[in-house]
Structures are given as C-alpha cells and as structure tokens.
Amino acid sequence: MDRDQKPTVVITGTSSGVGLYGAKALAKRGWHVIMGCRDLEKAEKAARDVGIPADSYTILHIDLGSLDSVRRFINQFRATGRTLDALVCNAAIYMPLIKAPLRSPDGYELTVATNHLGHFLLCNVMLEDMKRSPYPDRRMVILGTVTHNPEELGGKIPPRPDLGDLEGFAKGFQDPITMIDGKKFEPVKAYKDSKVCNVLTMRELHRRYHESTGITFTSLYPGCVAETPLFRNHYPLFQKIFPIFQKYITGGYVSQDLAGERVADVVAAPEYKQSGAYWSWGNRQKKNRQSFVQKVSPQARDDEKAERLWDLSINLVGLV
Ligand code: NAP
C-alpha cells in the first residue's frame, strides 16, 4: 500500500486491449496502475479515451523485446518510491504473416523475446520488489491463452506449440536459431510456444517462491477478446470475420471491458487467491460464465520442462 493509500499494480502493454481495460478496471477498484508501455503518447491517449482518472495511473517506458529496456523500466519504477503490490505480465506480439524472423536487440527471435524473455526478466527482478511490499495479498499474474493447449478446442488448430527439448534455447537462441525447439521458423507457433513459456514460468514461480514469500502466482485465459489489436498483423478479412465467428459460432467472444474485469478479479478478488492456478471462464455455455481453474496443456504441466526452461531462460536474460 502506498503513500496515497492505494495499492500499486504494474501492468505491461496497456496501450490497448486486455491490458488497457485491466488498467481501467483496477483503477476503478482503487488501485494505482503503473502502465508499462513502449509508446508513451499512445498509452496516454488510450488511458484518457477509456476514462482512467489522471491520478490513478503513471506511464513508464518499457520495450519488452529489449532486456536493457526492461532493466531501465525497473529502475524507473523504483524511482517512483511506490511499493509493488501486484504485477501483470500482459504485453504480447503476434505476427502470423511474417516470412522470416525478426530479431530483438539482444539477437533473439522477437516474439519469444517479447512475450517470454522480457517478462521472465521482469518477474525475476521485480520479485525482490514484491517481497519488500507489506501489502497483505500480493499477486503476480501472467496472461495465458487457450491456443497454448491442444487439449482444448481453441488449441487444436495447427501449428501446435512444441518446445521440444528446448534445443534452440540450449544453443543460445541467436542466429541462425529461430525457434525454441531449434526447428524451422513458424511465426504462429512462435507465439503459441511463447504462451506455453508464460504458463510454465508462472508454475515454476509458484513452485519456487509461493511458500517462502506468500505471493500468489497465477495465469488466466481471459476468453477470446476478438476485437483487440492483437490481430492487427493478420489478413484484413480475418480481422473482420474473426469477431463474428467467435460471437455467433463458437460463443467464445468476450468484450474488452469484460476481459479487463477478469484481469482485475485475478489481481484483486479474494476468490482468485489460489497460487499456481490457471483461470478460465465457461465461455461456450452462455448461462455458465463462471470462472474455474483449468488444467493446462501436457507441456505446460511438465515440471521437468518448467525447471529446464527456467535454467535456460536465466542464462538468456543474463541473470547468471
Ligand atoms: P493488444 O491489444 O495487441 O495488446 C498488446 C499490448 O502489448 C499493447 O499495449 C502493445 O503495445 C504491447 N506490446 C507489444 N509489444 C510490446 C513491447 N515490445 N514492449 C511493450 N509493450 C508491448 O493485444 P491483447 O489481445 O490485448 O493481448 C494482451 C494479452 O492477452 C496477450 O498476452 C495475449 O496473449 C493475451 N490474450 C489475448 C487474447 C485475445 O483474444 N485477444 C486471448 C488470450 C490471451 P503497442 O500498442 O505499442 O503495440
């Protein structure tokens, strides 16, 4: 809890979509939101457009694709003097149409660097800040997705995620390596792989630190938030049809406002204080939109893989 008597939450990627609406919902519930964004002007406009009160947020620069930038963000956060009471790792990129991999400033494939490695570094370093917070109910939340899980309908569409034996990570993940399993570049799979890493990271944080720190580590699938700009790099026709398909055929469609409320629940509602849980909501059955703890995919519940991913990621982000 901070000087203004508001608890503080850091959320990455709040210039649009789930993160922006999560920030809005948490501000409404009395939180101060540190919005970690790479485009400050865009974030400021977005916060104003959705009506987040000016005294409820602070925007700080972060580019999750750059390890240096993540470290600078943490220093800026510390300079605010605020306590870290909750952290939401939300930012992500999805680039289904690119033919060749893009590289992060550190030389890593950009999707995995942004969605997994940047957040992995952030969680590890900010864990120390969170440990120092006197707030009684501290939580660290990483966004997941149904497409990480081939056991779910939404996860059955190929290409399926597959981290293999993490051969690509073991070889340093730099040129010519483009995928975690060391195989040929596939941009959709790179996104799904990164989301498997997000769930494995959450589970490993829980295994290593829940008991000793009392922090709650969770993940969630907020539903198919088909109108966020996440799909901005897809075919224009896909962007038009996808929300309609999700609304009227699968019933999986969730508005940005509702997705934001779900994030806020997982951060702050007492009934979501269950470390190690992956939250989901009954989307398809219209009458049953209740939350429940969902089983994660076989890869994402593989404890050995979680540990190996942790060790290799520690090396890749320079925390050795
Ligand atoms: P979105 O509207 O595209 O939001 C992504 C956010 O991440 C934006 O604010 C974006 O900032 C930011 N971002 C991207 N790259 C960044 C970087 N290098 N550094 C800092 N910020 C960066 O997408 P969304 O749908 O809300 O997705 C948010 C999260 O929800 C993701 O983790 C996604 O996997 C998860 N999710 C979404 C859905 C869905 O149906 N939409 C379903 C399941 C899970 P810019 O404005 O600068 O690009």
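Hi everyone, this is a short walk through one protein model with a ligand, covering the ligand site, the salt bridges and a surface patch. Please keep in mind that the model is predicted.

Let's begin with the ligand. Its shell holds 32 residues, and Ser15, Lys42, Asn90, Tyr191 and Thr228 are the closest. By type, the shell splits into 15 nonpolar, twelve polar and five charged residues. Helices α1 (17-28) and α6 (187-213) each contribute at least two residues to the shell.

Which side chains have an N or O atom at 2.5 Å from a ligand oxygen? Lys42 has one, and Thr228 has one too. For Arg38, an N or O atom of the side chain sits 2.8 Å from an oxygen of the ligand. As for cover, the ligand has 890 Å² of accessible area on its own, and the protein covers 97% of that.

On to the salt bridges. Side chains of opposite charge can pair when their charged atoms come close. In this model there are 19 salt bridges. One of them joins Glu261 and Arg29, with N to O at 2.7 Å. Glu261 belongs to helix α8 (residues 256-268), while Arg29 is in the loop between α1 and β2 (32-37), so this pair ties together parts that lie 232 residues apart in sequence. Glu261 counts as partly exposed because its relative accessibility is 22%, and Arg29 is partly exposed as well, at 33%.

Now for some buried pairs. Arg139 bridges to Asp137, with the closest N and O atoms 2.8 Å apart. Arg139 has 0% relative accessibility and so counts as buried; Asp137, at 18%, is buried too, since the cut-off is under 20%. Lys189 and Asp181 form another salt bridge, at 3.0 Å between the closest N and O atoms, and both residues are buried. There is also a network of salt bridges, which links Glu204, Arg207, Arg208, Glu307 and Asp311.

Next, a loop. Pro159 is in the stretch between β5 (139-143) and α5 (167-170), and its 22% relative accessibility makes it partly exposed. How far apart in space are Pro159 and Pro187, C-alpha to C-alpha? The distance is 9.5 Å, with their positions 28 residues apart in sequence.

Last, the surface. Leu97, Tyr235, Leu237, Ile241, Ile244, Phe245, Tyr248 and Ile249 make up a nonpolar patch with about 880 Å² of accessible area together. Ile249 is part of helix α7 (residues 236-250) and counts as exposed, at 62% relative accessibility.

Thanks for listening!

Technical notes. Residues numbered from 1 in each chain as written. Predicted model: local features only at pLDDT ≥ 70, side-chain atom pairs only at ≥ 80, totals over all residues. Heavy atoms only, no water. Patch = residues over 30% accessible without salt bridge, like charges linked within 9 Å, V, L, I, M, F, W, Y side chains within 5 Å. Areas by Shrake-Rupley, 256 points an atom, 1.4 Å probe, with all protein chains shown as cover. Salt bridge = Lys/Arg side-chain N within 4 Å of Asp/Glu carboxyl O. Helix = DSSP H or I, 4+ residues; strand = E, 2+ residues; numbered from the N terminus. Buried < 20%, exposed > 50% of the residue type's maximum accessible area, 1.4 Å probe, protein only. Near = heavy atom within 4 Å. Polar contact = N/O pair within 3.5 Å; in protein donor to acceptor, adjacent residues only side chain to side chain. Nonpolar A, V, L, I, M, F, W, Y, C, P; charged D, E, K, R; others polar.
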